[in-house]
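Work through the exercises below with the sequence and structure open. Try each task before reading its solution.

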Amino acid sequence: MGPGRFGGPPPHEMNEKLKEPLPKSIKEIPGFIKRLTHSFFFRLSYIIKLVWEAKKSLLFIMVFLAAFNGISPVISAYISANLLNKVALALTLPDKVLSSIVDLVLPAMLLQFAYMFFTNLVNTVGNIITRMSSELVTNHVKVKIMNKAKEIDIASFDRPEFYEKFENASREAGARPIQVINSTFNIVSNLISAVSFIVILSAISWTAPLIVILLSLPSAIITFYYRKKNFRYMRRRSNDRRKMNYYSDMLVNKDMVKELRLFNLSDTFIFNYNQVFKNYFGGIKKLIRNEGIWNLAIAFVTTAVNCILFFFIAYTVAVQNGQIGDYSLYTGALTSIAACVAALVTTTSTIYEGTLFIDNMIVFMNEKKTIVPAIDQPLSIKRGVGHTIEFKDVSFRYPGTNRDVIKHINFTIEPGDTVVMVGLNGAGKTTLIKLLTRLYDPTEGTILLDGHDIKEYKVEELYAMFGIIFQDFGKYAFTVSKNIEFGQIEKQYKEEDIHTAAKASSADAFIQSLPNGYDTPLMRIFEDNGIELSIGQWQKLSIARAFYSDSDILILDEPTASLDPLAEQEIFSQFDELRKDKTTFFVSHRLSSATVASKILVLENGKLIETGDHNELMKKRGAYYQLFSTQAKRYLSAKEEDSVRTHPPHD
Ligand code: ADP
């Protein structure tokens, strides 16, 4: 759900709002400040909406706590001053009898402690509720980000800057909203307190609070300046932070640990990590140090001025024949005003920083989706029938690159065809499948499904009609049956179907031998009794997943690469039996599988250089013939070698 839900501006306008070009002349300054305030409140309202969505009552509780915390120090100061005056009076009593001291001091003291307890009570309850709610807000934001990630174009995942946004959004967005909201209400409390104390102090002077406020200005400027610098620095360095994460993750990545140990790479990654950290730290160290030096200088001036102000208060109370409690009240008020103003500065800067970080989330949430139906009333796909697929002059380059990896490809697939794609690594076979399944849109040309551009169909219906297993298929840390069921999770679960699919992919035999059969948890990430499968077993399982789905078009991208030729042959024959009249696409390195194809597509450097069935292409004596003959020769000589080894010739 995007920000538009609240009736806010459309995404592109929102992104515009986040940019604040610096003023070029004095005339532009008022406009600049207006824009700055506008974008600040725009971000703040975005955060408030996030919290509102997550937990409405949290906002009400926070308003109450803010008001209470604002007024509470003032009440407290009065109660303390009252007690101090009573104690001072007790000191001057001519006869120090217990009962008269009790009469004089005890009520004031009880009031003070009762009030302290009440404050504690309100704050503790408030704290409990805030902490619980902040967990809910964090959860809400994370789920929101996941839901957005779910619908983002696959193409976005190819771009480093997308990862940057994603990383920034998911790292920061959880904790920041609640921090900003807390700080905002803190400001309200501090403002209430500051104004009340100024009113108290106005009894003896207006100048003193004014001086205190003016004194805080340099500190405010320095704090804001460094918050912005800090934010910019972090943004500039986010690539470094990602690198650091990458290096440190390598050392704990289960798939990488074998190579890291045997190639002795661990120290190299630790070294790289430290190198990047050194660069990052060099910059942040300078920022922290400079801000510290400025703050120290400001603190020196502030202390000196405060000393003068305290003396002025002592002098005024003495001249006006005031009491000791009055001195404590006024100096307390002055200190509190200074503290409130300081808190206002730091909390405003925290909010400011928080809102800048929330930009990452806003930008991420506004990431545009391009894989959407191209027409207002997208078409439905007729299921359970044969389909015609036509590529018309299709070219494609990956976003952010300048090389076509698919070049002007034309072909037609009839219902029920078995298509085998052949070509060397990098020829464009997987890319072609990504285009057919609309994970990416072609840069040129059209892909037609049953006579209509695939862009005209409902995307989820289009996705649902493909049963697909990629080369880098998914391995899920779930049970065996779940791993198969994920082939079509929305289908009515039937154990029998799971078993049929597993039998067809020859996975059933090894599954039966697992400790808990189909209920065995896979991978040892969460459970001690999780089972690690061999890559060939995983592959059989992934093929079972494809068999399990009721898709109309089956696509297997090098599904049998890790299987021995016998296992592959067995799966293919099962497949032929099961596929009925479904259209199937195979990408296979082993050309023996191409012999059964009704259509072979030979790809080279992104071009379709030959099409036809096995016999036609062999007759043609072109690229396919070359590939096939080379493989057959290699296969035959391997077989001969094998037979020589098993039956050594007699001398
Ligand atoms: P095949 O499946 O035939 O081995 P691919 O379709 O995977 O080949 O790759 C075709 C070309 O596209 C290769 O040159 C590869 O480097 C490039 N390529 C693949 N994926 C991406 C990507 N996500 N971004 C940029 N280039 C890519």
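## Exercise 1: a nonpolar surface patch

Leu-110 has a relative accessibility of 54%, so Leu-110 counts as exposed. The model used here is predicted.

**Task.** Place Leu-110 in the secondary structure, and list the residues of the nonpolar patch on the surface.

**Solution.**
1. Start with the element. Leu-110 lies in helix H4, residues 98-151.
2. Check the exposure. The cut-off for exposed is over 50% relative accessible area. Leu-110, at 54%, counts as exposed.
3. List the patch. Leu-98, Val-102, Leu-106, Met-109, Leu-110, Phe-113 and Met-116 form it.
4. Give the area. Together these residues have about 660 Å² of accessible area.

## Exercise 2: cysteines

**Task.** Report how many disulfides a search of the whole structure finds. Then classify Cys-307 and Cys-340 as buried or exposed.

**Solution.**
1. Recall the bond. A disulfide joins the sulfur atoms of two cysteines covalently.
2. Apply the search. Zero disulfides are found in the whole structure.
3. Classify Cys-307. Its relative accessible area is 54%, so Cys-307 is exposed.
4. Classify Cys-340. Its relative accessibility is 6%, so Cys-340 counts as buried.

## Exercise 3: the ligand site

**Task.** Name the residues around the ligand. Then find polar atom pairs that involve Tyr-398, Lys-429 and Thr-430.

**Solution.**
1. List the surroundings. They are Asp-158, Tyr-398, Arg-403, Val-405, Leu-424, Asn-425, Gly-426, Ala-427, Gly-428, Lys-429, Thr-430 and Thr-431.
2. Take Tyr-398. One of its polar side-chain atoms is 3.4 Å from a ligand nitrogen.
3. Take Lys-429. Here a polar backbone atom lies 2.9 Å from an oxygen atom of the ligand.
4. Take Thr-430. An N or O atom in its side chain lies 2.7 Å from a ligand oxygen.
5. Add the cover. On its own the ligand has 560 Å² of accessible area, and the protein covers 69% of that.

## Exercise 4: salt bridges

**Task.** Count the salt bridges. Then describe the pairs Glu-53 and Lys-144, Asp-240 and Arg-237, and Arg-438 and Asp-441.

**Solution.**
1. Recall the principle. Side chains of opposite charge can pair when their charged atoms come close.
2. Count. With a cut-off of 4 Å between side-chain nitrogen and carboxyl oxygen, the total is nine salt bridges.
3. Take Glu-53 and Lys-144. Their side chains meet at 3.4 Å, N to O. The pair links distant parts of the chain, 91 residues apart: Glu-53 is in helix H2 (residues 29-54) and Lys-144 in helix H4. Both Glu-53 and Lys-144 are buried.
4. Take Asp-240 and Arg-237. The closest N and O atoms of this salt bridge are 2.5 Å apart. Asp-240 has 12% relative accessibility and therefore counts as buried. Arg-237, at 22%, counts as partly exposed.
5. Take Arg-438 and Asp-441. Their side chains meet at 2.7 Å, N to O. Arg-438 and Asp-441 are both buried.

## Exercise 5: positive phi

**Task.** Locate Arg-438 and Met-523, state phi for Arg-438 and Met-523, and decide whether Arg-438 and Met-523 are buried or exposed.

**Solution.**
1. Locate Arg-438. It sits in the loop between helix H12 (429-436) and strand S4 (444-449).
2. Read its phi. Arg-438 is not a glycine, yet its phi is positive, about 60 degrees.
3. Judge its burial. The cut-off for buried is under 20% relative accessible area. Arg-438 has 1% relative accessibility, so Arg-438 counts as buried.
4. Locate Met-523. The loop between helix H16 (508-512) and helix H17 (535-548) holds this residue.
5. Read its phi. Met-523 also is not a glycine, and its phi is positive, about 70 degrees.
6. Judge its burial. At 16% relative accessibility, Met-523 counts as buried.

## Exercise 6: distances across the chain

**Task.** Give the C-alpha separation of Thr-388 and Asn-139, and that of Thr-223 and Ile-543. Describe the setting of Thr-388 and Thr-223.

**Solution.**
1. Place Thr-388. It is in the loop between helix H11 (324-365) and strand S1 (389-396). At 27% relative accessibility, Thr-388 counts as partly exposed.
2. Read the first distance. The C-alpha atoms of Thr-388 and Asn-139 are separated by 45 Å, and the two residues are 249 residues apart along the chain.
3. Place Thr-223. It belongs to helix H7, residues 207-236. With a relative accessible area of 6%, Thr-223 is buried.
4. Read the second distance. Thr-223 and Ile-543 are 320 residues apart along the chain, with 59 Å between their C-alpha atoms.

Notes: Residues numbered from 1 in each chain as written. Predicted model: local features only at pLDDT ≥ 70, side-chain atom pairs only at ≥ 80, totals over all residues. Heavy atoms only, no water. Patch = residues over 30% accessible without salt bridge, like charges linked within 9 Å, V, L, I, M, F, W, Y side chains within 5 Å. Areas by Shrake-Rupley, 256 points an atom, 1.4 Å probe, with all protein chains shown as cover. Helix = DSSP H or I, 4+ residues; strand = E, 2+ residues; numbered from the N terminus. Buried < 20%, exposed > 50% of the residue type's maximum accessible area, 1.4 Å probe, protein only. Disulfide = S-S within 2.5 Å. Near = heavy atom within 4 Å. Polar contact = N/O pair within 3.5 Å; in protein donor to acceptor, adjacent residues only side chain to side chain.
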